[in-house]
Amino acid sequence: MSSNNLDLIDRLRSAVGAAGLVLEKEAKAAYETDWLQKWTGLSSVVVRPANTQETAEVMRICHETHTPVVIQGGNTGMSGGATPDTSGAQVILSMVRMNAIRNVDPLNNTLTAESGVILANIQAAAQEANRYFPLSLGAEGSCTIGGNLATNAGGIAVLRYGNARELVLGLEVVLPDGRIWNGMRALRKDNTGYDLRDLFVGSEGTLGVITAAVLKLHAKPIARATAWVGAESVDALIRLLAQMREVCGERLVAFEMISEESLDLILEHVADVRAPLANSHPFNALIELSDTQEQGLADLLESSLGDALEGGMIQDVVVSQTNGQTQAFWKIREGISQAQVRAGKAVKHDIALPISAIPAFVRGADVAVRKALPGAQIINFGHLGDGNLHYNVLLPLDSSPEAYAATTAKLNRVVHDIVSVANGSISAEHGVGQLRRDELRHYKSEVEFDLMLRIKQSLDPNHIMNPGKLI
Ligand code: FAD
Ligand code: MLT
Ligand code: ZN
């Protein structure tokens, strides 16, 4: 270790104490590889501040010494945003020790939490106060609220409650030079100039460290009705979605799509799951209604799906009769990330389109992908209700890194060109990270990219925040 590095580590130790540093190679390794095990890097040290002041001191030191910093929450991100590069020069700033829920205010319907709190713990604290925090995703047992806000996470209830951005009122942020911005306002209305909060939401660790947030709570739903549907086409599912939105309004919470190939993959690679319907269908949907009142919810679901079945819009349906059956449906849906990891190397796309443009996208992309890669195994699933598809292509597990990289580049261009023509987004909810950094540069207009660069430059003039990611 160079004397500069020893000096840096001594200074960081004085900021966070010995308990806040992870130096041993083996212990650091857990922070240096992401959940997907797709990216591995090397850090000089992992720093784990216990509070905002310590975080500010760490950033002051890194700013002065021009030390690059990679912020990390639960390390479940899907775009390689929280993994350092391989230089060994980057500091990982892990937020996991900042895990206190500071306050729950049922009258204001808010919860104030530090950024390292695990999402599931926030849901539980809201529940205890007879309220509801609706952000929900497969990684909720490990991801942190800071990571959720930094990626503007989506998940399975965006249709009703919005993305992470819609669920936050105030933020506390440590800036790259160590200053603390206290934007912890618990207000639904605040028009005092530029919205700095919205700048940090979705900034993926490139502009500052989110250390705490004031979150919006909702009324706790007490009734839930869930169904699994089989249909011939994605067009039919979109007609069903439109009809259900008309009839069920705000009670429609989730409308998730799973193609036949995706379902087959899950059934093969995830333990203790079985197909909800006796027959296979090209497309499936997992649909959920919820309400703060019990009356009529199950009837509403059954009658709307019954009408769709009789009218030939869908081919099959099973409405859950028990909590266990509901959990089994969700286990299938949420097993898909794991199934892909086990089955192959996925070329992942996380695209958003106007919902009405999805059928044309799926038809066009299926043809174009199979032309570029004959016999391609397309794993198409996602949050249809939000116009967000994970249109993935699975390559064999033994694909070489070179073959995987070349095919990824080829398929990205094919899929993202179709998305771009339809005025969609190439990064809907997982963030850009290192995975889509070059794709972002390719598709963003000069003006938009220039504005982003100027913001970055003004907040992080030494370019120490998550270099190599997003921008
Ligand atoms: P990390 O992975 O640690 O970091 C993600 C990014 O945020 C990095 O760029 C990092 O530098 C930055 N960051 C982290 N903490 C902070 C902070 N305090 N301040 C500033 N920057 C910070 N995502 C969805 O949107 N929808 C889904 O449905 C979904 N399902 C998933 C299912 C599974 C099984 C898995 C493994 C992941 C899934 N994800 C999903 C992706 C992932 O869980 C989310 O992106 C999540 O928000 C990341 O949180 P994290 O704490 O793990 O962040
Ligand atoms: C999901 O919706 O399940 C995810 O965002 C995870 C994935 O893409 O694997
Ligand atoms: Zn998703």
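In this predicted model, the shell around ligand 1 draws at least two residues from each of β3, α5 (145-150) and β10 (209-216). Of these elements, α5 gives the most to that shell, with four residues. The shell around ligand 1 comprises 36 residues, of which Ile71, Gly73, Thr76, Gly77 and Thr144 come nearest. Sorted by class, the shell holds 12 nonpolar, 22 polar and two charged residues.

Polar contacts to ligand 1 involve both backbone and side-chain atoms of the protein. An oxygen atom of ligand 1 lies 2.8 Å from a backbone N or O atom of Gly74, and a backbone N or O atom of Gly147 is found 3.5 Å from an oxygen atom of the ligand. Glu429 contributes through its side chain, with a polar atom 2.9 Å from a nitrogen atom of ligand 1. On its own, ligand 1 has 970 Å² of accessible area, and the protein covers 96% of this.

Ligand 2 is surrounded by Met78, Arg333, Ser337, Gln340, Lys348, Phe381, His383, His390, Glu429 and His430. Glu429 thus appears in the surroundings of ligand 2 and also makes the side-chain contact to ligand 1 described above. By class, the shell around ligand 2 consists of two nonpolar, five polar and three charged residues.

Three side chains place polar atoms by oxygen atoms of ligand 2, namely those of Arg333, His390 and His430. The distance is 2.7 Å for Arg333, 3.1 Å for the N or O atom of His390, and 2.6 Å for His430. The accessible area of ligand 2 on its own is 270 Å², of which the protein covers 86%. Two elements, α12 (336-343) and β18 (377-383), give two or more residues to the shell around this ligand.

Strand β3, which supplies residues to the shell of ligand 1, also belongs to an open sheet of four strands. The strand order is β1-β2-β4-β3, and the pairing is mixed. Strands β1 (21-22) and β3 (69-72) each have a single partner strand and stand at the edges, so one side of each is left without a neighbour in the sheet. Within the sheet, β2 (residues 43-47) and β4 (residues 90-94) pair in the parallel sense over four bridges. The bridge partner of Val47 in β4 is Leu93.

Two helices lie across strands of this sheet. Helix α2 (residues 25-32) lies across β1, β2, β3 and β4, and runs at about 85° to β2. Helix α3 (residues 52-64) lies across β2, β3 and β4, with an angle of about 170° to β4.

A further strand pair is formed by β5 (residues 101-105) and β6 (residues 110-114), which are antiparallel and joined over four bridges. Asp105 has Thr110 as its bridge partner in β6. The hairpin of β5 and β6 has four residues between the strands, and Asn109 takes a positive phi near 55° there. Strands of a sheet pair through backbone hydrogen bonds, in either the parallel or the antiparallel sense. Both senses are represented here, with β2 and β4 parallel and β5 and β6 antiparallel.

Methods. Residues are numbered from 1 along each chain as its sequence is written. Chains are lettered from A and ligands numbered from 1 in the order in which they are written. This is a predicted model: local features need pLDDT of at least 70, side-chain atom pairs count only at pLDDT 80 or more; totals for chains, interfaces and linings use all residues. Side-chain values use heavy atoms; hydrogens and water are left out. Two strands pair if DSSP finds at least two bridges between them. Contact means heavy atoms within 4.5 Å. Axes are lines fitted to C-alpha atoms, for helices over the stretch in contact, and angles run from 0 to 180 degrees between N-to-C directions. A residue is near a molecule or strand if one of its heavy atoms lies within 4 Å of it. A polar contact is a pair of N or O atoms within 3.5 Å; within protein, one must be able to donate a hydrogen and the other to accept it, and residues adjacent in sequence count only if both atoms are side-chain atoms. Accessible areas come from the Shrake-Rupley method with a 1.4 Å probe; for residues, only the protein chains shown count as cover. Ala, Val, Leu, Ile, Met, Phe, Trp, Tyr, Cys and Pro count as nonpolar, Asp, Glu, Lys and Arg as charged, and the others, Gly among them, as polar.
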